[in-house]
Amino acid sequence: QVQLVESGGGSVQAGGSLRLSCAASELTECMAWFRQAPGNEREAVALVYAGTADPHYRDSAKGRFSVSQDNAKNMLYLQMNNLKPDDSAMYYCAARRYCTGYVLLPSGYKSWGQGTQVTVAS
């Protein structure tokens with residue numbers, strides 16, 4: 001199982017920015033950022049498939065969020081700009097060692113970080 005440790009969450013005013021980090025024991029073929037607010041289902045924010053250099057983003061995150069990685073350091077990042085109150089949630093990094101395409105559902109991932117809280121004030 002892939003070991004994942006997240007950091008970088010915090011409190012920010014609407015319009016501000018945060019960069020979340022995911023330290024991984026290894027960068028796998030499929031990785032993703034999910035988020036979950038109280039009372040809501042866990043939802044995908046950004047999906048990464050190594051077979052295609054084109055991350056997929058949730059519609060509400062397009063143009064504001066971007067994924068990057070440092071292969072040498074086994075790090076995955078989520079840059080979040082122009083944050084909105086609706087972005088407030090616990091953010092999780094997830095990994096799947098092998099895949100044949102983008103994996104959308106949380107059930108498709110077996111490795112998860114502990115989560116890092118993001119709070120955006122209005």
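## A tour from the pocket outward

Start at strand β6, which supplies four residues to the lining of the largest pocket, the largest share of any element. This is a predicted model, in which local features need pLDDT of at least 70 and side-chain atom pairs count only at pLDDT 80 or more, while totals for chains, interfaces and linings use all residues. Residues are numbered from 1 along each chain as its sequence is written, and side-chain values use heavy atoms, with hydrogens and water left out.

**Stop 1: the largest pocket**

Select V48, Y49, A50, T52 and Q69: among the 17 lining residues, these lie nearest the centre of the largest pocket. A pocket here is an open set of points on a 1 Å grid over the protein atoms alone, where a 1.4 Å probe fits and protein lies on both sides within 12 Å along at least five of seven lines; lining residues have an atom within 4 Å of a point. Next, colour the strands β4, β5 (43–49), β6 (52–57) and β7 (65–70), each of which gives at least two residues to this lining. Strands are DSSP runs of E, at least two residues long, numbered from the N terminus.

The pocket's volume is about 190 Å³, the volume being the space filled by probe spheres set on grid points that are joined across faces, edges and corners. Colour by residue type and the lining divides into 10 nonpolar, five polar and two charged residues. In this scheme Ala, Val, Leu, Ile, Met, Phe, Trp, Tyr, Cys and Pro are nonpolar, Asp, Glu, Lys and Arg are charged, and the others, Gly among them, are polar.

**Stop 2: from Y49 to the aromatic rings**

Keep Y49 selected and add Y102. Their ring centres are 5.9 Å apart and their planes stand at 65°, so this pair is edge-to-face. Y49 belongs to strand β5 and Y102 to the loop between β9 and β10, so the contact spans 53 residues of sequence. Which of the two is buried? Y49 is, at 14% relative accessibility, whereas Y102 is partly exposed at 26%. Buried means under 20% relative accessible area, exposed over 50%, and partly exposed in between, using a 1.4 Å probe and protein chains only.

The count comes to five aromatic pairs. Rings of Phe, Tyr and Trp (its six-membered ring) pair if their centres lie within 6.5 Å; planes under 30 degrees apart are stacked, over 60 edge-to-face, and the rest tilted. Now select F34, Y92, Y109 and W112, which form one aromatic cluster.

Stay on Y92 and bring in R42, which lies over the face of that ring, 3.9 Å from its centre. Then jump to Y77, where R19 lies over the ring face at 4.3 Å from the centre. A charge sits over a ring if NZ of Lys or CZ of Arg is within 6 Å of the ring centre and within 35 degrees of the ring normal.

**Stop 3: the disulfides**

How many disulfides does a search of the whole structure find? Two, a disulfide being a pair of cysteine sulfur atoms within 2.5 Å.

Show C22 and C93, which are joined with an S to S distance of 2.2 Å. C22 lies in strand β3 (residues 18–24) and C93 in strand β9 (residues 89–96), so the bond ties together parts that are 71 residues apart in sequence. The torsion about this S-S bond is about -75°, so the disulfide is left-handed. Both C22 and C93 are buried.

Move on to C30 and C99, whose sulfur atoms are 1.9 Å apart. C30 is in strand β4 (residues 30–36) and C99 in the loop between β9 and β10 (111–112), 69 residues away in sequence. Here the torsion is about 95°, so the disulfide is right-handed. C30 and C99 are both buried too. With the bonded cysteines numbered in sequence order, the pairing reads 1-3, 2-4.

**Stop 4: three loop residues**

Select N74 in the loop between β7 and β8 (75–80). N74 has a positive phi of about 55° although it is not a glycine, and is partly exposed with a relative accessible area of 25%.

Follow with N82, in the loop between β8 and β9. N82 is likewise not a glycine, yet has a positive phi of about 50°; at 42% relative accessibility, N82 counts as partly exposed.

Finish at G16, in the loop between β2 (10–13) and β3. G16 is buried, at 17% relative accessibility. Add A121 to the view: G16 and A121 are 105 residues apart in sequence but 9.7 Å apart in space, C-alpha to C-alpha.
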